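Biologist: I am new to this structure and would love a close look at a single part of it. Could you walk me through the charged side chains, step by step?

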Amino acid sequence: QVQLVESGGGLVQPGGSLRLSCAASGFTLDDYAIGWFRQVPGKERERVSCISASGVTTYSTGSVKGRFTISKDNAKNTVYLQMNGLKPEDTAVYYCASRPFACGSTIDQFPSWGQGTQVTVSS
């Protein structure tokens, strides 16, 4: 069965860095795209970044471009989100999710989701 498990969240000071991990099982990253999303309570979930099966990357939230980097290790079936220069407005629960092959646009559906990991940016 498809399963996604996020890790790496925590409390960090403004300007600090975190690396989130998304461990996938039940499928191979050779055939699926992985997206990173974030959500604040009471607000809509937004897509942050995505990496396709072929390795093409996108950054869907303008505020994170240049600060966040998505990558993957197919041998480990794991996707990473390196977050640098963190700001208080980055505080959210971060989720990873999968869909077949391509990342598509922000309106395309991701059928499978992890449980999320909390990122808090505060002094």
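Biologist: To begin, in what kind of contact do the side chains of Arg-38 and Asp-90 meet?

Modeller: Happy to take you through it! Please keep in mind that this is a predicted model. The side chains of Arg-38 and Asp-90 come together in a salt bridge, with 3.0 Å from N to O. Along the chain these two residues belong to distant parts: Arg-38 sits in strand β4 (residues 32-39), while Asp-90 is in the loop between β8 (78-83) and β9 (92-100), and 52 residues separate them.

Now look at how well each partner is covered. Arg-38 has a relative accessibility of 6%, which is under the 20% cut-off, so Arg-38 counts as buried. For Asp-90 the relative accessibility is 0%, and therefore Asp-90 is buried too.

Stay with Asp-90 for a moment, as Asp-90 also forms a salt bridge with Arg-67. Here the closest N and O atoms are 2.8 Å apart. Arg-67 lies in the loop between β6 (57-59) and β7 (68-73), whereas Asp-90 lies in the loop between β8 and β9, so this pair ties together parts that are 23 residues apart in sequence. If you look for Arg-67 and Asp-90 on the surface, bear in mind that both are buried.

Let us return to Arg-38 and follow its side chain to another partner. The side chains of Arg-38 and Glu-46 meet in a salt bridge as well, at 2.7 Å from N to O. Glu-46 has a relative accessible area of 31%, and because this value falls between the 20% and 50% cut-offs, Glu-46 is described as partly exposed.

Put these pieces together and you have the part you asked about: a network of salt bridges that links Arg-38, Glu-46, Arg-67 and Asp-90. The count of salt bridges comes to 3. To trace the network on your screen, you can start at Glu-46, go to Arg-38 through their salt bridge, continue from Arg-38 to Asp-90, and finish with the salt bridge from Asp-90 to Arg-67. Along that path you begin with a partly exposed residue, Glu-46, then come to Arg-38, which is buried, and end with Asp-90 and Arg-67, both buried.

Terms used. Residues are numbered from 1 along each chain as its sequence is written. This is a predicted model: local features need pLDDT of at least 70, side-chain atom pairs count only at pLDDT 80 or more; totals for chains, interfaces and linings use all residues. Side-chain values use heavy atoms; hydrogens and water are left out. A salt bridge is a side-chain nitrogen of Lys or Arg within 4 Å of a carboxyl oxygen of Asp or Glu. Buried means under 20% relative accessible area, exposed over 50%, partly exposed in between (1.4 Å probe, protein chains only). Helices (H or I, at least four residues) and strands (E, at least two) are DSSP runs, numbered from the N terminus.
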